[in-house]
Amino acid sequence: MKKLIKAIAAAAAGVTLAMTASACNKVPTLKENIIDDAYDNYYEIFVYSFCDSDGNGVGDFNGVTQKLDYIRDMGYTGIWLMPISSSPSYHKYDVTDYKAVDPIYGTMEDFDGLLSAAHDKGIKVILDLVVNHTSKEHEWFKQASSAYVRGETDNKYYDYYNFTDEKQNGYAPFAGVYYEARFDSNMPDLNLDNPKVRGEISEVIEFWMKKGVDGFRLDACTSYYTNSKQKSVEFAGWIKEEAVKHNPDAYIVGEVWSDAGTINDFYGSGADSFFCFPAQGANGYVGSAISTALNFGSYAAAANSYYSSMETVVSMANGYIPAPFLCNHDTGRAAGFLSRDARRVKFAYGLLSLYTGNTFTYYGDEIGMTGSANDPDKRVGMRWTKDTNGIYPPGVTSHDESKFYVFDSVEDQLKDENSILNYYKLCNNLRNAFPAIMRGTTERVANPNENVLVIKKTYEGQTVTIAVNFANEESVVEGSFGKLQQSLCVEGKVSAKGSSVTMPALSIAVFA
(Lines give C-alpha, C1' and ligand atoms only; values in the text may rest on other atoms or scores of the structure.)
Protein backbone atom coordinates (compact mmCIF):
# COMPACT_ATOMS: atom_id res chain seq x y z
CA MET A 1 0.00 0.00 0.00
CA LYS A 2 2.78 2.45 0.91
CA LYS A 3 4.59 1.78 -2.34
CA LEU A 4 1.38 2.54 -4.21
CA ILE A 5 1.02 5.79 -2.32
CA LYS A 6 4.59 6.77 -3.11
CA ALA A 7 4.07 5.89 -6.76
CA ILE A 8 0.96 8.04 -6.96
CA ALA A 9 2.81 10.95 -5.35
CA ALA A 10 5.77 10.59 -7.67
CA ALA A 11 3.52 10.53 -10.72
CA ALA A 12 1.65 13.59 -9.52
CA ALA A 13 4.88 15.47 -8.92
CA GLY A 14 6.39 14.39 -12.21
CA VAL A 15 9.18 12.79 -10.17
CA THR A 16 11.61 15.62 -10.87
CA LEU A 17 11.53 18.58 -8.51
CA ALA A 18 12.82 21.97 -9.54
CA MET A 19 15.40 23.00 -6.96
CA THR A 20 15.40 26.73 -6.28
CA ALA A 21 19.01 27.90 -6.28
CA SER A 22 18.72 30.11 -3.16
CA ALA A 23 21.44 32.51 -4.28
CA CYS A 24 23.72 29.59 -5.06
CA ASN A 25 24.83 27.81 -8.20
CA LYS A 26 22.17 27.18 -10.78
CA VAL A 27 22.38 23.41 -10.99
CA PRO A 28 20.36 20.71 -12.76
CA THR A 29 17.11 19.62 -11.17
CA LEU A 30 17.32 16.67 -8.83
CA LYS A 31 15.05 13.65 -8.83
CA GLU A 32 13.41 12.45 -5.67
CA ASN A 33 14.49 9.06 -4.41
CA ILE A 34 11.85 8.32 -1.78
CA ILE A 35 12.41 4.97 -0.06
CA ASP A 36 9.46 3.07 1.39
CA ASP A 37 10.63 3.00 5.01
CA ALA A 38 10.22 4.94 8.25
CA TYR A 39 12.50 7.87 7.33
CA ASP A 40 10.74 11.13 6.50
CA ASN A 41 10.86 14.91 6.77
CA TYR A 42 8.11 15.72 9.29
CA TYR A 43 6.05 18.90 9.62
CA GLU A 44 4.34 19.67 12.94
CA ILE A 45 0.92 21.30 12.64
CA PHE A 46 -1.28 22.93 15.26
CA VAL A 47 -4.58 22.66 13.41
CA TYR A 48 -6.15 25.53 15.38
CA SER A 49 -3.68 28.04 13.96
CA PHE A 50 -2.68 26.59 10.61
CA CYS A 51 -5.33 27.39 8.00
CA ASP A 52 -8.96 28.48 8.35
CA SER A 53 -11.04 27.16 5.44
CA ASP A 54 -14.42 28.57 6.45
CA GLY A 55 -13.60 32.02 7.80
CA ASN A 56 -14.65 31.43 11.41
CA GLY A 57 -11.27 32.43 12.79
CA VAL A 58 -10.10 28.92 13.71
CA GLY A 59 -8.02 26.51 11.65
CA ASP A 60 -9.59 23.24 10.63
CA PHE A 61 -9.03 19.89 8.92
CA ASN A 62 -10.19 21.22 5.57
CA GLY A 63 -7.67 24.04 5.87
CA VAL A 64 -4.87 21.52 6.33
CA THR A 65 -6.18 19.57 3.34
CA GLN A 66 -6.06 22.72 1.23
CA LYS A 67 -2.37 23.17 2.08
CA LEU A 68 -1.20 19.61 1.40
CA ASP A 69 0.22 20.54 -2.01
CA TYR A 70 2.25 23.27 -0.32
CA ILE A 71 3.50 20.87 2.36
CA ARG A 72 4.51 18.22 -0.17
CA ASP A 73 6.12 20.76 -2.49
CA MET A 74 8.20 21.90 0.48
CA GLY A 75 9.62 18.38 0.65
CA TYR A 76 7.75 17.17 3.74
CA THR A 77 6.63 13.55 3.55
CA GLY A 78 5.10 13.32 7.02
CA ILE A 79 2.76 15.41 9.16
CA TRP A 80 2.47 15.37 12.95
CA LEU A 81 -0.92 16.74 14.00
CA MET A 82 -1.01 18.09 17.53
CA PRO A 83 -4.03 16.79 19.53
CA ILE A 84 -7.27 16.75 17.55
CA SER A 85 -9.57 14.91 20.00
CA SER A 86 -12.42 16.55 21.89
CA SER A 87 -11.07 18.88 24.57
CA PRO A 88 -12.16 21.97 26.55
CA SER A 89 -8.86 23.79 25.93
CA TYR A 90 -7.46 25.51 22.85
CA HIS A 91 -4.30 23.34 22.96
CA LYS A 92 -6.26 20.08 23.41
CA TYR A 93 -3.73 18.22 25.56
CA ASP A 94 -6.60 17.49 27.98
CA VAL A 95 -8.78 15.00 26.14
CA THR A 96 -12.45 14.34 26.90
CA ASP A 97 -13.07 11.73 24.18
CA TYR A 98 -10.20 9.87 22.50
CA LYS A 99 -12.37 8.49 19.72
CA ALA A 100 -13.86 11.77 18.58
CA VAL A 101 -12.42 14.85 16.89
CA ASP A 102 -13.01 18.26 18.38
CA PRO A 103 -15.90 19.84 16.44
CA ILE A 104 -14.04 23.15 16.30
CA TYR A 105 -11.75 21.46 13.73
CA GLY A 106 -14.57 19.92 11.70
CA THR A 107 -16.16 16.50 11.46
CA MET A 108 -14.69 13.02 11.48
CA GLU A 109 -15.49 12.92 7.77
CA ASP A 110 -13.35 16.02 7.32
CA PHE A 111 -10.48 14.28 9.10
CA ASP A 112 -10.95 11.16 6.98
CA GLY A 113 -10.77 13.35 3.89
CA LEU A 114 -7.55 14.95 5.12
CA LEU A 115 -6.00 11.56 5.82
CA SER A 116 -6.97 10.18 2.42
CA ALA A 117 -5.74 13.25 0.56
CA ALA A 118 -2.43 13.19 2.44
CA HIS A 119 -1.85 9.55 1.55
CA ASP A 120 -2.68 10.24 -2.09
CA LYS A 121 0.15 12.78 -2.10
CA GLY A 122 2.62 10.48 -0.37
CA ILE A 123 2.37 12.20 3.02
CA LYS A 124 2.15 10.15 6.21
CA VAL A 125 0.05 11.39 9.12
CA ILE A 126 0.84 10.74 12.78
CA LEU A 127 -1.31 11.91 15.69
CA ASP A 128 -0.46 13.18 19.15
CA LEU A 129 -1.33 10.42 21.63
CA VAL A 130 -1.87 11.95 25.08
CA VAL A 131 -2.38 9.12 27.57
CA ASN A 132 -0.41 10.20 30.62
CA HIS A 133 -3.51 12.13 31.65
CA THR A 134 -7.01 13.04 30.51
CA SER A 135 -9.17 16.09 30.97
CA LYS A 136 -10.87 16.49 34.34
CA GLU A 137 -14.05 16.61 32.24
CA HIS A 138 -13.49 13.15 30.75
CA GLU A 139 -16.29 10.74 31.63
CA TRP A 140 -13.70 8.32 33.05
CA PHE A 141 -12.64 10.87 35.66
CA LYS A 142 -16.20 11.87 36.52
CA GLN A 143 -17.07 8.24 37.18
CA ALA A 144 -13.79 7.40 38.94
CA SER A 145 -13.74 10.39 41.29
CA SER A 146 -17.36 9.84 42.29
CA ALA A 147 -16.74 6.13 42.91
CA TYR A 148 -13.61 6.78 45.00
CA VAL A 149 -15.33 9.36 47.19
CA ARG A 150 -18.22 6.96 47.81
CA GLY A 151 -15.90 4.02 48.41
CA GLU A 152 -17.39 1.97 45.56
CA THR A 153 -14.43 -0.33 45.12
CA ASP A 154 -16.36 -2.61 42.78
CA ASN A 155 -17.01 0.26 40.35
CA LYS A 156 -15.24 -0.28 37.02
CA TYR A 157 -13.70 3.20 37.13
CA TYR A 158 -12.70 3.19 40.82
CA ASP A 159 -8.95 3.00 40.13
CA TYR A 160 -8.71 4.48 36.62
CA TYR A 161 -6.74 7.32 38.24
CA ASN A 162 -4.36 7.64 41.18
CA PHE A 163 -6.26 8.74 44.28
CA THR A 164 -5.20 9.17 47.90
CA ASP A 165 -6.87 10.28 51.10
CA GLU A 166 -3.88 12.36 52.19
CA LYS A 167 -2.41 15.49 50.63
CA GLN A 168 0.73 14.84 48.60
CA ASN A 169 2.96 16.79 46.24
CA GLY A 170 1.69 16.53 42.68
CA TYR A 171 -1.88 15.79 43.79
CA ALA A 172 -4.93 18.06 43.51
CA PRO A 173 -7.92 18.15 45.94
CA PHE A 174 -11.37 16.84 45.11
CA ALA A 175 -14.29 16.45 47.58
CA GLY A 176 -11.99 15.69 50.52
CA VAL A 177 -9.64 13.35 48.63
CA TYR A 178 -6.74 13.93 46.24
CA TYR A 179 -5.84 12.80 42.73
CA GLU A 180 -2.50 12.81 40.93
CA ALA A 181 -2.19 15.69 38.46
CA ARG A 182 1.46 16.41 37.71
CA PHE A 183 0.83 18.88 34.87
CA ASP A 184 -2.30 20.73 35.93
CA SER A 185 -5.27 20.19 38.23
CA ASN A 186 -7.45 19.96 35.10
CA MET A 187 -5.33 17.05 33.82
CA PRO A 188 -5.63 14.06 36.18
CA ASP A 189 -3.01 11.33 35.65
CA LEU A 190 -4.25 7.92 34.54
CA ASN A 191 -3.38 4.78 36.51
CA LEU A 192 -1.44 3.04 33.76
CA ASP A 193 -0.96 -0.08 35.90
CA ASN A 194 -4.69 -0.77 35.68
CA PRO A 195 -5.34 -3.43 32.98
CA LYS A 196 -8.72 -1.83 32.29
CA VAL A 197 -7.07 1.51 31.56
CA ARG A 198 -4.61 -0.19 29.26
CA GLY A 199 -7.53 -1.89 27.57
CA GLU A 200 -9.11 1.50 26.93
CA ILE A 201 -5.86 2.86 25.48
CA SER A 202 -5.48 -0.24 23.33
CA GLU A 203 -8.94 0.42 21.86
CA VAL A 204 -7.97 4.05 21.16
CA ILE A 205 -4.85 2.93 19.30
CA GLU A 206 -6.86 0.37 17.33
CA PHE A 207 -9.51 2.99 16.47
CA TRP A 208 -7.03 5.36 14.84
CA MET A 209 -4.88 2.66 13.28
CA LYS A 210 -7.91 1.21 11.55
CA LYS A 211 -8.66 4.65 10.17
CA GLY A 212 -5.28 4.53 8.50
CA VAL A 213 -3.11 6.90 10.57
CA ASP A 214 0.57 6.06 10.20
CA GLY A 215 1.60 6.28 13.84
CA PHE A 216 1.71 8.43 16.96
CA ARG A 217 3.73 11.06 18.72
CA LEU A 218 3.78 10.08 22.41
CA ASP A 219 3.30 13.00 24.76
CA ALA A 220 5.15 13.25 28.09
CA CYS A 221 6.84 9.83 28.11
CA THR A 222 8.91 10.57 31.21
CA SER A 223 5.71 11.23 33.18
CA TYR A 224 3.94 7.93 32.51
CA TYR A 225 5.13 6.66 35.89
CA THR A 226 6.26 9.22 38.46
CA ASN A 227 9.78 8.41 39.70
CA SER A 228 10.05 5.20 37.64
CA LYS A 229 11.92 5.65 34.40
CA GLN A 230 12.00 1.91 33.73
CA LYS A 231 8.23 1.54 33.94
CA SER A 232 7.79 4.57 31.68
CA VAL A 233 10.18 3.02 29.16
CA GLU A 234 8.25 -0.24 29.27
CA PHE A 235 4.95 1.58 28.75
CA ALA A 236 6.28 3.36 25.66
CA GLY A 237 7.27 -0.05 24.35
CA TRP A 238 3.80 -1.40 25.09
CA ILE A 239 2.27 1.36 22.95
CA LYS A 240 4.57 0.41 20.08
CA GLU A 241 3.52 -3.24 20.45
CA GLU A 242 -0.16 -2.29 20.39
CA ALA A 243 0.25 -0.12 17.31
CA VAL A 244 2.06 -2.72 15.20
CA LYS A 245 -0.74 -5.20 15.87
CA HIS A 246 -2.79 -3.11 13.44
CA ASN A 247 -0.05 -1.70 11.20
CA PRO A 248 3.36 -3.40 11.12
CA ASP A 249 4.83 -0.15 9.79
CA ALA A 250 3.36 2.07 12.50
CA TYR A 251 5.83 4.84 13.36
CA ILE A 252 6.16 5.86 17.01
CA VAL A 253 8.10 8.95 18.11
CA GLY A 254 8.20 9.91 21.77
CA GLU A 255 8.73 13.06 23.78
CA VAL A 256 11.49 12.56 26.33
CA TRP A 257 12.47 16.08 27.30
CA SER A 258 15.74 15.16 28.94
CA ASP A 259 19.45 14.57 28.50
CA ALA A 260 21.08 12.28 25.96
CA GLY A 261 21.51 9.42 28.41
CA THR A 262 17.83 9.34 29.37
CA ILE A 263 16.75 9.55 25.73
CA ASN A 264 19.08 6.65 24.96
CA ASP A 265 17.47 4.64 27.76
CA PHE A 266 14.02 5.16 26.26
CA TYR A 267 15.16 3.65 22.98
CA GLY A 268 15.24 0.42 24.97
CA SER A 269 11.44 0.47 24.62
CA GLY A 270 11.68 -0.46 20.94
CA ALA A 271 9.82 2.67 19.83
CA ASP A 272 11.17 4.03 16.53
CA SER A 273 12.25 7.52 17.58
CA PHE A 274 12.55 9.92 20.47
CA PHE A 275 13.01 13.63 19.93
CA CYS A 276 16.61 14.73 20.23
CA PHE A 277 16.11 17.56 22.71
CA PRO A 278 19.85 18.25 23.11
CA ALA A 279 19.87 19.42 19.47
CA GLN A 280 17.21 22.12 19.91
CA GLY A 281 17.31 25.66 21.22
CA ALA A 282 19.94 28.37 21.52
CA ASN A 283 22.23 26.10 23.54
CA GLY A 284 21.53 22.95 21.53
CA TYR A 285 23.92 21.29 19.14
CA VAL A 286 23.00 23.49 16.18
CA GLY A 287 22.45 26.77 18.01
CA SER A 288 25.66 26.54 20.00
CA ALA A 289 27.72 25.71 16.90
CA ILE A 290 26.37 28.78 15.12
CA SER A 291 26.93 30.94 18.19
CA THR A 292 30.50 29.68 18.52
CA ALA A 293 31.19 30.52 14.88
CA LEU A 294 29.46 33.88 14.58
CA ASN A 295 29.74 35.31 18.09
CA PHE A 296 33.28 34.19 18.85
CA GLY A 297 34.79 33.58 15.43
CA SER A 298 35.81 30.08 16.52
CA TYR A 299 35.10 28.44 13.20
CA ALA A 300 37.18 25.32 13.71
CA ALA A 301 35.64 24.81 17.14
CA ALA A 302 32.17 25.14 15.62
CA ALA A 303 33.00 22.57 12.94
CA ASN A 304 34.37 20.14 15.52
CA SER A 305 31.43 20.48 17.90
CA TYR A 306 28.92 20.05 15.09
CA TYR A 307 30.62 16.90 13.80
CA SER A 308 30.70 15.53 17.34
CA SER A 309 26.96 16.18 17.58
CA MET A 310 26.36 14.20 14.37
CA GLU A 311 27.96 11.19 16.01
CA THR A 312 26.08 11.77 19.28
CA VAL A 313 22.66 12.04 17.63
CA VAL A 314 23.15 8.64 15.99
CA SER A 315 24.63 6.93 19.05
CA MET A 316 21.82 8.30 21.22
CA ALA A 317 19.29 6.50 19.02
CA ASN A 318 21.03 3.18 19.65
CA GLY A 319 20.26 1.70 16.23
CA TYR A 320 16.82 3.30 15.89
CA ILE A 321 15.82 6.49 14.02
CA PRO A 322 17.07 9.80 15.47
CA ALA A 323 14.57 12.67 15.57
CA PRO A 324 16.45 15.99 15.66
CA PHE A 325 14.63 19.33 15.61
CA LEU A 326 15.26 23.03 16.22
CA CYS A 327 12.08 23.89 18.12
CA ASN A 328 8.48 22.86 18.71
CA HIS A 329 5.28 24.14 20.33
CA ASP A 330 6.78 24.03 23.85
CA THR A 331 10.02 25.86 23.09
CA GLY A 332 11.11 29.21 21.75
CA ARG A 333 10.83 29.46 17.98
CA ALA A 334 14.04 29.03 16.00
CA ALA A 335 14.06 32.52 14.46
CA GLY A 336 13.77 33.97 17.96
CA PHE A 337 16.79 32.24 19.49
CA LEU A 338 18.69 32.80 16.24
CA SER A 339 18.48 36.58 16.72
CA ARG A 340 15.87 37.12 13.98
CA ASP A 341 18.79 36.89 11.57
CA ALA A 342 17.87 35.28 8.23
CA ARG A 343 21.44 34.08 7.71
CA ARG A 344 21.43 32.21 11.02
CA VAL A 345 17.91 30.87 10.47
CA LYS A 346 18.89 29.41 7.10
CA PHE A 347 22.21 27.97 8.20
CA ALA A 348 20.62 26.37 11.26
CA TYR A 349 18.13 24.46 9.14
CA GLY A 350 20.89 23.52 6.72
CA LEU A 351 22.85 21.97 9.59
CA LEU A 352 19.75 20.22 10.94
CA SER A 353 19.04 18.73 7.53
CA LEU A 354 22.41 16.98 7.46
CA TYR A 355 21.67 14.87 10.52
CA THR A 356 20.83 11.22 10.03
CA GLY A 357 17.23 10.54 11.04
CA ASN A 358 13.85 12.22 10.76
CA THR A 359 13.90 16.00 11.05
CA PHE A 360 10.85 17.75 12.50
CA THR A 361 9.85 21.29 11.51
CA TYR A 362 7.35 23.35 13.50
CA TYR A 363 4.92 25.06 11.11
CA GLY A 364 5.89 28.67 10.45
CA ASP A 365 9.59 28.13 11.04
CA GLU A 366 10.04 27.99 7.28
CA ILE A 367 9.02 31.66 7.08
CA GLY A 368 10.93 32.68 10.21
CA MET A 369 8.00 33.22 12.57
CA THR A 370 8.77 34.17 16.18
CA GLY A 371 6.95 34.09 19.50
CA SER A 372 7.58 34.50 23.22
CA ALA A 373 7.68 32.48 26.42
CA ASN A 374 3.88 32.70 26.65
CA ASP A 375 2.42 29.39 25.46
CA PRO A 376 -0.23 30.77 23.05
CA ASP A 377 2.38 33.12 21.56
CA LYS A 378 4.27 30.04 20.38
CA ARG A 379 1.18 28.89 18.47
CA VAL A 380 0.19 31.96 16.48
CA GLY A 381 -1.08 31.15 13.02
CA MET A 382 0.76 30.88 9.73
CA ARG A 383 0.87 34.08 7.68
CA TRP A 384 -0.13 32.81 4.26
CA THR A 385 -0.39 36.13 2.39
CA LYS A 386 0.97 39.63 2.88
CA ASP A 387 -2.56 41.01 3.27
CA THR A 388 -3.68 38.70 6.08
CA ASN A 389 -2.36 37.88 9.53
CA GLY A 390 -2.34 34.45 11.02
CA ILE A 391 -4.79 33.20 13.62
CA TYR A 392 -4.29 34.41 17.19
CA PRO A 393 -5.14 31.68 19.74
CA PRO A 394 -6.77 32.62 23.06
CA GLY A 395 -4.28 34.06 25.51
CA VAL A 396 -1.80 35.70 23.13
CA THR A 397 -0.04 38.67 24.72
CA SER A 398 -0.23 40.91 21.67
CA HIS A 399 -1.74 41.28 18.23
CA ASP A 400 1.25 43.29 17.07
CA GLU A 401 2.33 41.80 13.73
CA SER A 402 5.99 42.65 14.25
CA LYS A 403 6.15 40.43 17.32
CA PHE A 404 5.41 37.26 15.36
CA TYR A 405 5.98 37.98 11.66
CA VAL A 406 9.52 39.27 11.24
CA PHE A 407 9.86 38.10 7.65
CA ASP A 408 7.55 37.98 4.63
CA SER A 409 4.47 35.81 4.18
CA VAL A 410 4.41 32.41 2.52
CA GLU A 411 3.06 34.04 -0.65
CA ASP A 412 5.98 36.48 -0.86
CA GLN A 413 8.69 34.04 0.15
CA LEU A 414 7.61 31.52 -2.46
CA LYS A 415 8.44 34.14 -5.09
CA ASP A 416 11.84 35.02 -3.61
CA GLU A 417 14.54 32.46 -4.42
CA ASN A 418 16.68 33.91 -1.59
CA SER A 419 13.97 33.47 1.06
CA ILE A 420 14.10 31.36 4.20
CA LEU A 421 11.23 29.30 2.81
CA ASN A 422 13.07 28.37 -0.37
CA TYR A 423 16.18 27.52 1.62
CA TYR A 424 14.10 25.12 3.74
CA LYS A 425 12.68 23.62 0.56
CA LEU A 426 16.17 23.02 -0.80
CA CYS A 427 17.22 21.27 2.39
CA ASN A 428 14.22 18.95 2.41
CA ASN A 429 14.49 18.11 -1.25
CA LEU A 430 18.18 17.31 -0.93
CA ARG A 431 17.28 14.82 1.80
CA ASN A 432 14.64 13.34 -0.48
CA ALA A 433 17.03 13.14 -3.42
CA PHE A 434 19.92 11.49 -1.55
CA PRO A 435 18.89 8.71 0.86
CA ALA A 436 22.42 8.70 2.30
CA ILE A 437 21.87 12.14 3.86
CA MET A 438 18.86 10.97 5.83
CA ARG A 439 19.98 7.41 6.57
CA GLY A 440 23.72 7.20 6.09
CA THR A 441 26.67 6.49 8.30
CA THR A 442 28.97 9.48 8.68
CA GLU A 443 32.73 9.71 8.25
CA ARG A 444 34.88 12.81 8.57
CA VAL A 445 37.19 13.63 5.67
CA ALA A 446 40.47 15.35 6.51
CA ASN A 447 41.18 18.65 4.75
CA PRO A 448 43.71 21.44 5.39
CA ASN A 449 41.06 24.14 5.98
CA GLU A 450 39.95 23.53 9.55
CA ASN A 451 37.07 26.00 9.22
CA VAL A 452 35.40 23.74 6.66
CA LEU A 453 33.96 20.44 7.81
CA VAL A 454 33.99 17.75 5.12
CA ILE A 455 32.07 14.52 5.70
CA LYS A 456 30.98 11.48 3.74
CA LYS A 457 27.60 9.89 4.28
CA THR A 458 27.07 6.38 2.94
CA TYR A 459 23.95 4.26 2.62
CA GLU A 460 23.53 1.03 0.64
CA GLY A 461 26.16 1.90 -1.95
CA GLN A 462 25.32 5.59 -2.26
CA THR A 463 27.93 8.04 -0.99
CA VAL A 464 27.60 11.79 -0.81
CA THR A 465 30.32 14.17 0.26
CA ILE A 466 29.26 17.31 2.09
CA ALA A 467 31.38 20.38 2.77
CA VAL A 468 30.22 22.89 5.41
CA ASN A 469 31.88 26.29 5.70
CA PHE A 470 31.40 27.48 9.28
CA ALA A 471 33.43 30.64 8.69
CA ASN A 472 31.75 34.02 8.41
CA GLU A 473 33.86 34.62 5.33
CA GLU A 474 34.73 32.92 2.07
CA SER A 475 36.73 29.69 2.38
CA VAL A 476 38.46 27.45 -0.11
CA VAL A 477 38.61 23.69 0.31
CA GLU A 478 40.68 21.32 -1.82
CA GLY A 479 39.75 17.76 -2.71
CA SER A 480 38.19 15.38 -5.21
CA PHE A 481 34.62 15.23 -3.96
CA GLY A 482 32.70 14.31 -7.09
CA LYS A 483 30.15 16.36 -9.00
CA LEU A 484 28.57 19.34 -7.25
CA GLN A 485 24.88 18.43 -6.92
CA GLN A 486 23.53 21.35 -4.94
CA SER A 487 24.64 24.07 -2.59
CA LEU A 488 22.94 25.85 0.27
CA CYS A 489 24.06 29.43 0.72
CA VAL A 490 22.92 32.29 2.91
CA GLU A 491 24.59 34.61 0.42
CA GLY A 492 26.86 34.38 -2.62
CA LYS A 493 27.45 31.13 -4.47
CA VAL A 494 29.65 28.04 -4.37
CA SER A 495 32.03 27.57 -7.27
CA ALA A 496 33.92 24.38 -8.04
CA LYS A 497 36.87 24.33 -10.42
CA GLY A 498 38.96 21.21 -10.64
CA SER A 499 39.80 20.09 -7.11
CA SER A 500 39.23 23.55 -5.66
CA VAL A 501 35.88 24.56 -4.15
CA THR A 502 35.27 28.18 -3.18
CA MET A 503 32.55 28.51 -0.55
CA PRO A 504 30.90 31.72 0.66
CA ALA A 505 30.27 32.32 4.35
CA LEU A 506 28.00 29.78 6.10
CA SER A 507 27.51 27.60 3.04
CA ILE A 508 26.97 23.90 2.42
CA ALA A 509 27.91 22.02 -0.74
CA VAL A 510 26.75 18.51 -1.61
CA PHE A 511 28.75 16.32 -4.02
CA ALA A 512 28.00 12.88 -5.43
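**Arg439 lies over the face of Tyr459, 6.0 Å from the ring centre.** Here a charge counts as sitting over a ring when NZ of Lys or CZ of Arg is within 6 Å of the ring centre and within 35 degrees of the ring normal. Lys92 gives another case: its charged end is over the ring of Tyr105, 5.4 Å from the centre. A word on what you're looking at: this is a predicted model, with residues numbered from 1 along each chain as its sequence is written. Local features need pLDDT of at least 70 and side-chain atom pairs pLDDT 80 or more, totals for chains, interfaces and linings use all residues, and side-chain values use heavy atoms, without hydrogens or water.

**Phe141 and Tyr161 meet edge-to-face.** Rings of Phe, Tyr and Trp (its six-membered ring) pair if their centres lie within 6.5 Å, and planes under 30 degrees apart are stacked, over 60 edge-to-face, the rest tilted. That rule yields 43 aromatic pairs. In this one, the centres are 5.1 Å apart and the planes stand at 90 degrees. Phe141 belongs to helix 6 (residues 139-150), while Tyr161 is in the loop between helix 6 and strand 8 (163-164), so the pair ties together parts 20 residues apart in sequence. (Helices, H or I with at least four residues, and strands, E with at least two, are DSSP runs numbered from the N terminus.) Both rings are tucked away: Phe141 is buried at 2% relative accessible area, and Tyr161 is buried at 3%. Buried means under 20% relative accessible area, exposed over 50%, and partly exposed in between (1.4 Å probe, protein chains only).

**Phe404 and Tyr405 pair up as well.** Their ring centres lie 6.4 Å apart with planes at 65 degrees, so this pair is edge-to-face. Phe404 is buried, with a relative accessible area of 0%, and Tyr405 is buried at 7%. Elsewhere, ring pairs link Tyr42, Trp80, Tyr251, Trp257, Phe275, Phe277, Phe325 and Phe360 into a cluster.

**Eight strands line up in an open parallel sheet, in the order 14-13-12-11-7-4-3-15.** Strand 14 (323-324) and strand 15 (360-362) are the edges, each with a single partner strand, so one side of each has no neighbour in the sheet. Two strands pair if DSSP finds at least two bridges between them. Strand 13 (residues 273-276) and strand 14 run parallel and are joined by 2 bridges, with Cys276 partnered by Pro324 of strand 14.

**Strand 4 (residues 78-81) is buried on both faces.** Gly78 and Trp80 point one way, Ile79 and Leu81 the other. That fits the usual pattern: in a regular strand, side chains alternate between the two faces of the sheet. Strand 4 pairs in the parallel sense with strand 3 (residues 42-45) over 4 bridges, and likewise with strand 7 over 4 bridges. Leu81 shows up in both pairings: Ile45 stands opposite Leu81, and Leu81 stands opposite Leu127 of strand 7.

**Strand 19 (residues 475-478) has one covered face and one uncovered face.** Ser475 and Val477 are on the covered face, Val476 and Glu478 on the uncovered one. Strand 19 runs antiparallel to strand 22 (residues 500-503), joined by 4 bridges. Glu478 stands opposite Ser500 in strand 22.

**The largest pocket has a volume of about 320 Å³.** On a 1 Å grid over the protein atoms alone, a pocket is an open set of points with protein on both sides within 12 Å along at least five of seven lines, a cavity is a set where a 1.4 Å probe fits but cannot get out, and lining residues have an atom within 4 Å of a point. Of the 15 lining residues, Tyr93, Phe183, Asp219, Asp330 and Arg379 lie nearest the pocket centre. The lining divides into 5 nonpolar, 5 polar and 5 charged residues.

**The largest cavity holds about 120 Å³ of space.** Among its 13 lining residues, Ser85, Tyr98, Asp128, Leu129 and Trp208 are closest to the centre. Strand 7 (124-129) and helix 7 (195-211) each supply at least two lining residues, and strand 7 has the largest share with 3 residues. In all, the search finds 5 cavities of 30 Å³ or more.

**The second largest cavity has about 50 Å³ of space.** Its lining includes Asn33, Tyr39, Asp40, Thr77, Arg431 and Arg439. Helix 16 (420-433) and helix 17 (435-439) are the elements that give two or more residues to this lining.

Conventions: Grid points are joined across faces, edges and corners, and a volume is the space filled by probe spheres set on the points. Ala, Val, Leu, Ile, Met, Phe, Trp, Tyr, Cys and Pro count as nonpolar, Asp, Glu, Lys and Arg as charged, and the others, Gly among them, as polar.
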